[in-house]
Amino acid sequence: MPATRTELGRIIDSFVAAFNDGELDTAMAHFADDAEYLPGNGSVHQGTAAIRAEFAPPFAGRFGTLFFDVDDTVIDDTARRVTIRWVCRIDLTGEHGRRALAPLRWYARARHGGRLQWRGVDVFHFDDGGRITGKYTYATFRRPLWERPG
């Protein structure tokens with residue numbers, strides 16, 4: 001039976017919460033085995049092993065502590081699609097920044113006081129059972145438009 005609008009909303013909320021709580025296994029449990037992930041940098045990651053490998057560095061704190069605030073959610077339950085517009089807040093201060101890549105940490109501290117944010121959009125595709133079959137991110141990854149949080 002296809003996932004309803006309410007179920008898709010709960011799935012997305014759970015997925016985002018897993019990112020915000022640093023729970024890689026919980027995030028990965030939302031994916032279908034043959035899912036694909038296009039992070040917006042030209043690469044394609046097919047299957048849960050490849051997606052997990054791509055997600056592992058941010059979950060391990062390589063980019064500081066990440067927290068996603070969802071500004072908008074659009075759900076099309078008939079097509080099994082969900083789009084979220086988000087702000088990713090990054091904290092590279094104190095303990096949060098210790099595991100982050102040194103150039104990123106130095107840049108963020110010098111230019112933005114160690115805390116910054118950037119914006120993007122994710123489009124999710126789902127199978128009938130409510131598992132993610134595609135995650136397509138639209139954001140500027142190579143040179144994000146960093147901004148100091150307001």
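## A mixed sheet, its helices and its side-chain pairs

With a relative accessibility of 26%, Thr133 counts as partly exposed. That makes it a handy place to enter this structure, which is a predicted model. Thr133 sits in strand β6. Setting aside neighbours within four places in sequence, its contacts are Ala32, Ala35, Glu36, His125, Phe126 and Asp127. There is also a long-range relation to look at: His30 is 103 residues away along the chain, yet the C-alpha atoms of Thr133 and His30 are separated by 9.1 Å.

**The sheet**

Let us step back to the fold around that residue. The open sheet is built from 6 strands in the order β2-β1-β6-β5-β4-β3, with mixed pairing. Its edge strands are β2 (45-46) and β3 (65-76), each of which pairs on one side only.

At one edge, β1 (residues 31-38) pairs with β2 in the antiparallel sense, over 2 bridges. Within these strands, Glu36 faces Gln46 of β2; Glu36 is also one of the contacts of Thr133.

At the other edge, β3 and β4 run antiparallel and are joined by 11 bridges. Phe67 has Arg89 in β4 as its bridge partner. The hairpin of β3 and β4 has 4 residues between the strands, and there Arg80 adopts a positive phi near 55 degrees. Moving one strand inward, β4 and β5 are likewise antiparallel, joined by 11 bridges. Here Val87 is matched with Arg119 in β5.

**Helices on the sheet**

Helix α1 (residues 5-21) lies across five strands: β1, β3, β4 (81-91), β5 (115-126) and β6 (132-139). Relative to β3, helix α1 runs at about 170 degrees. Helix α3 (residues 48-59) packs on the sheet as well, touching β1, β2, β3 and β6. The direction of α3 makes about 55 degrees with that of β1.

**Charged pairs**

Side chains of opposite charge can pair when their charged atoms come close. How many salt bridges does a search of the whole structure find? The count is 9. Three of them are set out here.

| Pair | Closest N to O distance | Location |
|---|---|---|
| Asp25 and Arg52 | 3.1 Å | helix α2 and helix α3 |
| Arg131 and Asp33 | 3.9 Å | loop between β5 and β6, and strand β1 |
| Arg85 and Asp72 | 2.4 Å | strand β4 and strand β3 |

Take the pair of Asp25 and Arg52 to begin with. Asp25 belongs to helix α2 (residues 24-28) and Arg52 to helix α3, so this salt bridge ties together parts that are 27 residues apart in sequence. Asp25 is exposed, at 55% relative accessibility, while Arg52 is partly exposed, at 32%.

The salt bridge of Arg131 and Asp33 links parts of the chain that are 98 residues apart. Is Asp33 buried or exposed? With 58% relative accessibility, Asp33 counts as exposed. Arg131 has a relative accessible area of 33% and is partly exposed.

Arg85 and Asp72 are 13 residues apart. Both ends fall in the intermediate class: Arg85 is partly exposed at 39%, and Asp72 is partly exposed at 35%. This pair also belongs to a wider arrangement, since Asp71, Asp72, Arg85 and Arg119 are linked in a network of salt bridges. Arg119 has already appeared above, as the bridge partner of Val87.

**Aromatic rings**

The structure holds 12 aromatic pairs. One of them brings together Phe15 and Phe124: the ring centres are 5.4 Å apart and the planes stand at 75 degrees, so the pair is edge-to-face, the class for planes over 60 degrees apart. Phe15 comes from helix α1 and Phe124 from strand β5, and the two are 109 residues apart. Both of these residues, Phe15 and Phe124, are buried.

Which residues form one aromatic cluster? The members are Phe15, Phe19, Phe31, Tyr37, Phe55, Phe59, Phe68, Trp86, Trp118, Phe124 and Phe126. Phe126 brings us back to the starting point, being one of the residues in contact with Thr133.

Technical notes. Residues numbered from 1 in each chain as written. Predicted model: local features only at pLDDT ≥ 70, side-chain atom pairs only at ≥ 80, totals over all residues. Heavy atoms only, no water. Pairing = 2+ DSSP bridges. Contact = heavy atoms within 4.5 Å. Axes fitted to C-alpha atoms, helices over the stretch in contact; angles between N-to-C directions. Salt bridge = Lys/Arg side-chain N within 4 Å of Asp/Glu carboxyl O. Buried < 20%, exposed > 50% of the residue type's maximum accessible area, 1.4 Å probe, protein only. Phe/Tyr/Trp six-rings, centres within 6.5 Å; stacked < 30°, edge-to-face > 60°.
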